[in-house]
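The following exercises are to be worked with the sequence and the three-dimensional model in view. Each task is followed by a solution in steps.

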Amino acid sequence: MLTRRTFVAASLLAGFAPAFAETPAPSDPVAILTAIYTRAAKGKGDGGAAFVIENKAAKSKYLSKSLVALWAKADAHTPKGDVGPVDFDPVTNSQEPDVKSFKVDAEKMEADKATVAVTITGHRNDRKPADQIVRYDFVREASSWKIDDIKGSSDGEAWSIRKMLTDSLKS
């Protein structure tokens, strides 16, 4: 049986919005993450979403000014030839991206900040349930929403991009 929820989810993953749904504003955190994960899930879902952090321009497009500055400082602190403080795709929470489908839920929406959770289902079922959820803290900068932190867990151990970057400056 095709439920409305299944239809909406399938429609979004297929790249079109159903006629009865209102198209979210491009600066809405839910719309931003839906676009990122739709792109990450294309094909076999193994392309990941490293495009969000692949270079300075991409970081500036998606990340808050303070997170971009912290990341640049952490990268500059990394010894030449070493892997940077973030050595995985934080958007897919994996060394080997695997996104079959996803669900985006706004947990908290305020005028200038938001927290949005994304639950990722992969083609492989080798992840702990807690490791399938990635949370995004957004802040409003001028008229745009930007990611200010990405949080999740790996093998049950919590991580935060901001904490990883900050901790890398201590060594």
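**Exercise 1. The start of a helix**

At the start of α5, which side-chain oxygen reaches to within 3.3 Å of the backbone nitrogen of R162?

*Solution.* The model is a predicted one. The oxygen belongs to the side chain of S160, and its partner is the backbone nitrogen of R162.

**Exercise 2. The buried face of α5**

Identify the buried residues of α5, explain how they are arranged about the helix axis, and state what covers them.

*Solution.*
- Step 1. Helix α5 spans residues 161–168, and its buried residues are I161, M164, L165 and S168.
- Step 2. Viewed down the axis of α5, these buried residues fall within an arc of 95°, so they line one face of the helix.
- Step 3. The elements covering the buried residues of α5 include α4 (65–77), β4 (144–154) and β5 (157–160).

**Exercise 3. A buried acidic residue**

Determine whether D149 has a salt bridge, and describe the surroundings of its side chain.

*Solution.*
- Step 1. D149 lies in strand β4, and it is buried.
- Step 2. The nearest side chain of opposite charge is that of K151, at 4.4 Å. A salt bridge requires a separation within 4 Å, and D149 has none.
- Step 3. Polar partners are considered next. The side chain of D149 makes a polar contact with the side chain of S160 at 2.8 Å, and it reaches the backbone nitrogen of I161 at 3.3 Å.
- Step 4. With neighbours within four places in sequence left aside, D149 is in contact with L67, R135, Y136, D137, S160, I161 and R162.

**Exercise 4. Another residue of β4**

Is S154 buried, partly exposed or exposed, and which residues does S154 contact?

*Solution.*
- Step 1. S154 is also placed in strand β4.
- Step 2. Its relative accessibility is 40%. The partly exposed class lies between 20% and 50%, so S154 counts as partly exposed.
- Step 3. Apart from neighbours within four places in sequence, S154 is in contact with D131 and W159.
- Step 4. The C-alpha atoms of S154 and R127 are 8.5 Å apart, although 27 residues separate the two along the chain.

**Exercise 5. The largest nonpolar core**

Which members of the largest nonpolar core touch the most other members, and which element gives the most residues to this core?

*Solution.*
- Step 1. The core has 35 residues, of which L33, I36, Y37, Y136, F138 and I161 touch the most other members.
- Step 2. Two or more residues come from each of α2 (29–41), α4, β1 (101–109), β2 (113–121), β3 (133–141), β4 and α5.
- Step 3. The most come from α2, which gives 6 residues.

How values were computed
Residues are numbered from 1 along each chain as its sequence is written. This is a predicted model: local features need pLDDT of at least 70, side-chain atom pairs count only at pLDDT 80 or more; totals for chains, interfaces and linings use all residues. Side-chain values use heavy atoms; hydrogens and water are left out. Buried means under 20% relative accessible area, exposed over 50%, partly exposed in between (1.4 Å probe, protein chains only). Helices (H or I, at least four residues) and strands (E, at least two) are DSSP runs, numbered from the N terminus. The arc is that of the directions from the helix axis to the C-beta atoms. Contact means heavy atoms within 4.5 Å. A polar contact is a pair of N or O atoms within 3.5 Å; within protein, one must be able to donate a hydrogen and the other to accept it, and residues adjacent in sequence count only if both atoms are side-chain atoms. Lys and Arg count as positive and Asp and Glu as negative; His and the chain ends are not counted. A nonpolar core is a set of buried Ala, Val, Leu, Ile, Met, Phe, Trp, Tyr and Cys residues joined through side-chain atoms within 4.5 Å.
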